[in-house]
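Opening the notebook on a new chain today. I'll jot down what I look up as I go.

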Amino acid sequence: MSKLNWGMIGGGEGSQIGPAHRLGAQADGRFVMAAGALDADPARGRDYAQRLGVAADRAYGDWREMLAAERDRPDRIDLVTVATPNNTHFEITKAFLEAGFHVLCEKPMTMTVAEGEEIVRLARDTGRICAVNYGYSAYPMVRQMKAMVAAGELGAIRCVVANFSHGHHAAGDDADNPRVRWRYDPAQAGVSGQMADCGIHALHLASFILGDEVRTLSADFASTVPGRVLEDDAMVNFRTESGTVGRLWTSTIALGRQHGLDIQVFGEKAGLRWASEQPNQVYLHRLGGRVEIMEKGEAGLTDEAQRLSRVPIAHPEGFPLAIANIYLDLANRIAGAPAGHLPSAEDGLRSMAAVHAAVASAKADGAWVDARPPMFR
Ligand code: NAI
């Protein structure tokens, strides 16, 4: 298959998620990094893009310049990744979709539900791919869990418990750290801090594994560090469309938890447990039996779990490879080849509706509210 041209906006030098995208996009040799507007500072962005191997005339100072120049090139980029802070996702994603580019947007996809609905409609109308980087859903053992739930191996699902809690913003004096500051600034982060930053990964994972979307929720938000406007800890109870009970805890002040994304699914016949810090194992407990450990790469897993296992059994597999699985299926989809699941603009929209519902619920003392976007009610 011919190589696809890839461009990136944001993800500049020192950014958190930029390296995972570059590793992920280029892991399979399907994408070439052809263009970039990588930094809020135009000179830094141009310089860094060139050091990464982008040609000088495609190392752009900002995304508008990149859009104007790429639009008319015969070798224009096939896919653009948007990895800037949240408040810019909507206008960049919208502009590139309108110009006919495929987009991989970082989460949260937009700031408001109305913007999310606009992106979904635009992606549908233009026929362009708008994927959202819920990379955790592309771990092979997460796909294994999804397949087992779908096959009924757990029986009817009673409850799902998901956490994404870490302690990396526990220090109040971190307020001036540029990578922390925007996450609690409503102008740049939106209506929510930690729920929109990490909680939505856990919520997406729950609905992805269950194959069942969130219908209603009740939230309790807290800003535990003095001076923080947005929440740094949240507890969210939810119910899915089919009535499964959901519990979600997300926090940034949980000292002792590093990258505390984990999920447990409890069915009437069995339970499953997975944690992102040990992504190669799923713990399976059948009613009346003992706990079994299922290992990535071993015989008997689903074809999808095998396809997305990139290193042999017993070798560690990590986050950039999960992101690589997103890029692999983006390349397949763009090339018209068979592809697996891609987290979509619809997923991004559902997250925005859930974030806004959680904010409204938290302000109303945990009242139960509809968590679905209006267009999916
Ligand atoms: P960061 O603050 O570490 O880096 C942001 C980068 O974007 C910087 O290089 C900055 O110069 C650049 N930038 C800012 N405005 C820009 C503009 N207008 N044009 C071009 N570049 C611009 O932020 P981080 O943590 O990398 O987050 C970026 C996005 O990725 C956020 O939306 C965040 O929620 C998301 N994210 C997603 C993760 C995932 O697992 N899917 C993990 C971490 C972040």
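**Helix H4 and its surroundings**

I started with helix H4, residues 89-98, and listed its buried residues: His-89, Phe-90, Ile-92, Thr-93, Phe-96 and Leu-97. A reminder to self: an α-helix has 3.6 residues a turn, so residues three or four places apart point the same way. This is a predicted model, by the way, so I kept to local features with pLDDT of at least 70.

What do the buried residues of H4 pack against? I found four strands' worth of entries to write down, plus two helices: E1 (4-10), E3 (79-83), E4 (102-105) and E5 (130-132) on the strand side, H3 (63-71) and H5 (113-126) on the helix side. Just past the end of H4, I noted Gly-100 with a positive phi of about 90°.

**Ligand shell**

Next I looked up the ligand. I got 25 residues around it, with Gly-10, Gly-12, Ser-15, Gln-16 and Glu-106 the closest. Sorted by class, the shell holds 11 polar, 8 nonpolar and 6 charged residues.

**Annotation**

I checked the UniProt record, an unreviewed entry. It annotates residues 4-134 as "domain: Gfo/Idh/MocA-like oxidoreductase N-terminal". For that span I got 40% helix and 20% strand, and its end C-alpha atoms sit 22 Å apart.

**Two domains**

How is the chain divided? I have domain 1 as 4-135, and domain 2 as 136-314 + 344-363. Their C-alpha centres are 25 Å apart. The contact between them draws 22 residues from domain 1 and 24 residues from domain 2.

Which elements give two or more residues to the domain 1 side of that contact? They are H5 and E5. H5 supplies the largest share, 6 residues. By class, I put this side of domain 1 down as 13 nonpolar, 7 polar and 2 charged residues. H5 had already turned up in my notes, as one of the elements that the buried residues of H4 pack against, and so had E5.

**Whole chain**

Last, I zoomed out. The chain has 12 helices and 14 strands. Its C-alpha atoms fill a box of roughly 65 × 50 × 40 Å along the principal axes. I compared the radius of gyration with the globule rule: a compact globule of 377 residues would come out near 21 Å, and the chain has 20 Å, which agrees. Of the 377 residues, 52% count as buried. For contacts with a separation of 6 or more, I noted that 69% join residues 24 or more positions apart.

How values were computed. Residues are numbered from 1 along each chain as its sequence is written. This is a predicted model: local features need pLDDT of at least 70, side-chain atom pairs count only at pLDDT 80 or more; totals for chains, interfaces and linings use all residues. A residue is near a molecule or strand if its C-beta atom, placed from the backbone, lies within 6 Å of it. Ala, Val, Leu, Ile, Met, Phe, Trp, Tyr, Cys and Pro count as nonpolar, Asp, Glu, Lys and Arg as charged, and the others, Gly among them, as polar. A residue is buried if 20 or more other C-beta atoms lie within 10 Å of its own, exposed if 12 or fewer, and partly exposed in between; C-beta atoms are placed from the backbone. Two residues are in contact if their C-beta atoms, placed from the backbone, lie within 7 Å. UniProt positions are given in the numbering used here, feature names are shortened, and annotations may be inferred rather than shown by experiment. The radius of gyration is taken over C-alpha atoms; the globule rule is 2.2 Å times the number of residues to the power 0.38. Domain bounds come from an automatic or database domain assignment.
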